[in-house]
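Student: Could you take me closely through one part of this model, a pair of packed helices, and then set that part beside what surrounds it?

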Amino acid sequence: MSARITNLHRIAVVLFTATIVSVDAETVKTDDGRTISVSAEVGRLIRDGGSALQNGRYEQAIAHFTAALGMRPEKEVAAVIYDKRAEARLNREDAAGTLADANEAIRLDGRMASAYSKRGLVYRRQGNSKQAIEEFNAALRLNPNLAYVYNNRGLIYSDMGRSDAAIRDFTHAIQCDPNYANAYNNRAIEYSKLGRNEQALADYDEAIRRDPNVENSHINRAFLLEKMGDSQRAAADYDRVIIKAPRGPDDYVARGYALSEKGDYARAASDYRRALELAPTHRVALNALAWLQATCPDASLRNGKEALRNSRTVCELTRWQDGDYLDTFAAACAEVGDFENAVRHQTQVVSMANTAGEDRNAKQKRLALYREGKPYRSAR
């Protein structure tokens, strides 16, 4: 396979929040069940912003929410709008903007659990797991029935290698919302890490049954099916992802992976770049592009300098604490002939691996290559 399974899983775990605000006539309903009156114009702007957000048009969403704030709504309504704008900025991987909006939402309305959750996601992306967990815990104290908060806290436990705790949180998310496809998807990832492939496959199937449009589940299931020897079903998932029109950056990354598996590396690179146009610091897109630029079997698409720059950006965003992103950085170092740093970072990658089996063995094999002064080349 041309992409590593752990990197692929990152598409799924990048995610996030459920839709938590609805606008009906001239009221806004928050995630804790409160109904707040709004003017018709503010309501329209919130609806339009929510529609743009749902369809991956984040700049448009931000513009609508900003216009709504410009109409000087009441404090509780403004808190909802700041929270929604924070979500749009979160999807654009704008950490500073997300924190600023989430902080303002909390200042205006301390009951805004979703704003605490967004702060937690920013801290997670920055590698600050302890602070992230504190934010999710604060959100759950405000409302212990929010499925997406359990999901988000589960992502932290997954990052920490605590699969049992992650599975408990994803299960709790499903109990709160049986239709929460992303929680099934993320629990499947943990089952796969533990070698519980049948349970993982069942959860991917359930995620897709609950929401057929979650491309992450299709692409993750395809990888698992290949691993289990069912290449025919895997091919159907790859084809489905390629045919389906992407809705946002995560979908472009998923299609890029599928194209890469088919050997269409040029179009895969194009999809990763399109994802970055939508979200300029999207870690998964940056990493996927860097991996292709460093390891692609097609020499015309390799670019060691760009790979090094892109992978360095991802590692800096995650404080050099993520083993999968360090793995890509080491491959980029090897591509430009810097085998000393390739060996140093790949040694760290192997020491950070918290699971045995296929993935750890692949990382060790790359380390052996770098010690021999050879770059790594992906193979379909």
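**A helix pair and its setting**

Tutor: In this predicted model, Arg 283, Leu 286, Asn 287, Leu 289, Ala 290, Gln 293 and Ala 294 of helix 16 are in contact with Gly 304, Glu 306, Ala 307, Asn 310, Ser 311, Thr 313, Val 314 and Leu 317 of helix 17. Sorted by class, the residues of this contact comprise seven nonpolar, six polar and two charged. Helix 16 covers residues 283–295 and helix 17 covers residues 304–317, and their axes come within 8 Å while crossing at roughly 150 degrees. Because angles over 145 degrees count as roughly antiparallel, helix 16 is roughly antiparallel to helix 17. The handedness of the crossing between helix 16 and helix 17 is left-handed.

Following the chain past helix 17, one comes to Arg 319, which sits in the loop that leads from helix 17 to helix 18 (323–335). The phi of Arg 319 is near 55 degrees, a positive value in a residue other than glycine, and the background to this is that most residues other than glycine have a negative phi. With a relative accessibility of 44%, Arg 319 counts as partly exposed.

A second helix pair can be set beside this one. Helix 11 (residues 197–210) and helix 12 (residues 215–227) have axes that come within 10 Å and cross at roughly 150 degrees, which makes helix 11 roughly antiparallel to helix 12. The crossing of helix 11 with helix 12 is left-handed. On the helix 11 side the contact involves Asn 197, Ala 200, Leu 201, Tyr 204, Asp 205, Ala 207 and Ile 208, and these meet Ser 217, His 218, Asn 220, Arg 221, Leu 224, Leu 225 and Lys 227 of helix 12. The contact of helix 11 with helix 12 is made up of seven nonpolar, four polar and three charged residues.

From the helix pairs we can turn to the nonpolar cores. The largest nonpolar core has 59 residues, and those with the most contacts inside it are Ile 81 and Val 149. Helix 4 gives the most to this core, contributing eight residues. Setting aside neighbours within four places in sequence, Ile 81 is in contact with Val 42, Ile 46, Phe 65, Ala 68, Leu 69 and Pro 73. A second, separate core has 55 residues, including Ile 219, Tyr 238, Val 241 and Leu 276. As general background, nonpolar side chains in soluble globular proteins tend to be buried together.

Helix 4 itself, which spans residues 75–91, contains Ala 88. The relative accessibility of Ala 88 is 0%, so Ala 88 counts as buried. Residues up to four places away in sequence aside, Ala 88 touches Leu 53, Tyr 58, Ala 61 and Ile 62. Ala 88 and Gly 154 are 66 residues apart along the chain, and their C-alpha atoms are separated by 22 Å.

Beyond helix 4, the loop between helix 4 and helix 5 (95–108) holds Glu 93. The phi of Glu 93 is near 60 degrees, a positive value in a residue other than glycine. At 12% relative accessibility Glu 93 counts as buried, whereas Arg 319, in the loop after helix 17, counts as partly exposed at 44%.

Methods
Residues numbered from 1 in each chain as written. Predicted model: local features only at pLDDT ≥ 70, side-chain atom pairs only at ≥ 80, totals over all residues. Heavy atoms only, no water. Axes fitted to C-alpha atoms, helices over the stretch in contact; angles between N-to-C directions. Helix = DSSP H or I, 4+ residues; strand = E, 2+ residues; numbered from the N terminus. Parallel < 35°, antiparallel > 145°, perpendicular 65-115°, else oblique. Left-handed = near helix turned anticlockwise from the far one by under 90°. Contact = heavy atoms within 4.5 Å. Nonpolar A, V, L, I, M, F, W, Y, C, P; charged D, E, K, R; others polar. Buried < 20%, exposed > 50% of the residue type's maximum accessible area, 1.4 Å probe, protein only. Core = buried A, V, L, I, M, F, W, Y, C linked by side-chain atoms within 4.5 Å.
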